[in-house]
Amino acid sequence: MKKIKFDWFLIETEQDYDTALARYEQVRHAEKNTTDHKEKLLLAHLISNFEERTSELPAVDPVELIKIRMEDFGYKSVDLANEYGDKGTISKVLNYKQALSLTMIRKFSRLLHIPADALIGEYELR
């Protein structure tokens with residue numbers, strides 16, 4: 001059996017974090033049971049651990065939090081639509097016309113690196 005060598009350790013600095021995010025984006029769509037897939041799983045764990053230890057989410061409603069993270073990652077509403085599958089619904093959510101669904105919360109939590117519990121808070125529709 002071939003041993004897999006990853007050069008990853010606990011992420012302790014912003015530079016380590018940026019490097020891990022960049023590598024994660026490279027292996028993000030790796031097929032299961034491949035070396036890249038195993039590395040992706042490790043990176044997801046390390047990135048999540050670093051974010052939990054260092055990130056403080058602002059006290060804003062879930063939609064505003066999504067907008068902030070979209071800006072952080074350089075995403076547009078079309079990127080959310082590609083993840084969720086419906087541009088019209090995304091527009092309604094981002095304009096406070098429709099509430100987030102459980103499916104959206106799960107997908108956006110993964111895509112935007114936001115804890116799901118931060119997206120379940122109540123907010124007013126307009």
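# Exercises on an all-helix model

Leaving aside neighbours within four places in sequence, Ser109 touches Met104, Ile114, Pro115, Ala116 and Leu119, where contact means heavy atoms within 4.5 Å. Before we go on, some ground rules: this is a predicted model, in which local features need pLDDT of at least 70, side-chain atom pairs count only at pLDDT 80 or more, and totals for chains, interfaces and linings use all residues. Residues are numbered from 1 along each chain as its sequence is written, and side-chain values use heavy atoms, with hydrogens and water left out.

**Exercise 1. Work out where Ser109 sits and whether it is buried or exposed.**

Step 1: find the element. Ser109 is part of helix α6. Helices (H or I, at least four residues) and strands (E, at least two) are DSSP runs, numbered from the N terminus.

Step 2: check the accessibility. Ser109 has 15% relative accessibility, so it counts as buried. The cut-offs are under 20% relative accessible area for buried, over 50% for exposed and partly exposed in between (1.4 Å probe, protein chains only).

Step 3: look along the helix. The buried residues in α6 are Met104, Ile105, Phe108, Ser109, Leu111 and Leu112. Their cover includes α3, α4, α5 and α7 (116-119).

**Exercise 2. Sketch the overall make-up of the protein.**

Step 1: count the elements. You should get 7 helices and 0 strands, which read along the sequence as α-α-α-α-α-α-α.

Step 2: get the dimensions. The C-alpha trace spans about 55 × 30 × 20 Å along its principal axes.

Step 3: add burial and contacts. Of the 126 residues, 32% count as buried. Take the contacts between residues at least 6 apart in sequence, and 58% of them join residues at least 24 apart.

**Exercise 3. Describe how α4 packs on α6.**

Step 1: take the geometry. Helix α4 (residues 77-84) and helix α6 (residues 102-112) pack at about 120°, and their axes are 10 Å apart. The axes are lines fitted to C-alpha atoms, for helices over the stretch in contact, and angles run from 0 to 180 degrees between N-to-C directions.

Step 2: name the arrangement. That angle makes α4 oblique to α6; under 35 degrees would be roughly parallel, over 145 roughly antiparallel, 65 to 115 roughly perpendicular, and the rest is oblique.

Step 3: give the hand. The crossing of α4 past α6 is right-handed, meaning the near helix is turned clockwise from the far one by less than a right angle, whereas anticlockwise would be left-handed.

Step 4: list who touches whom. From α4 come Asp79, Leu80, Glu83 and Tyr84, and from α6 come Thr103, Met104, Lys107, Phe108, Leu111 and Leu112. Sorted by class, the residues of this contact are 6 nonpolar, 1 polar and 3 charged. Here Ala, Val, Leu, Ile, Met, Phe, Trp, Tyr, Cys and Pro count as nonpolar, Asp, Glu, Lys and Arg as charged, and the others, Gly among them, as polar.

**Exercise 4. Repeat the job for α4 and α5.**

Step 1: the angle is about 125° and the axes are 8 Å apart, so α4 and α5 are oblique to each other.

Step 2: this crossing is right-handed.

Step 3: Ser77, Leu80, Ala81 and Tyr84 of α4 meet Lys87, Thr89, Ile90 and Leu94 of α5. That contact has 5 nonpolar, 2 polar and 1 charged residues.

**Exercise 5. Trace the largest nonpolar core.**

Step 1: pick out the hubs. Among the 20 core residues, Ile66, Leu80, Leu100, Phe108 and Leu112 touch the most other members. A nonpolar core is a set of buried Ala, Val, Leu, Ile, Met, Phe, Trp, Tyr and Cys residues joined through side-chain atoms within 4.5 Å.

Step 2: assign residues to helices. At least two residues come from each of α3 (62-73), α4, α5 (87-94) and α6, with α6 giving the largest share, 5 residues.

Step 3: follow one hub. Neighbours within four places aside, Ile66 is in contact with Leu80, Leu94, Leu100, Phe108, Leu112, Ile114 and Leu119.

**Exercise 6. Find where Asn33 and His113 lie, and give their phi values.**

Step 1: Asn33 is in the loop between α1 (14-27) and α2, while His113 is in the loop between α6 and α7.

Step 2: neither is a glycine, yet phi is positive, about 65° for Asn33 and about 55° for His113. Most residues other than glycine have a negative phi.

Step 3: Asn33 is exposed, with a relative accessible area of 74%.
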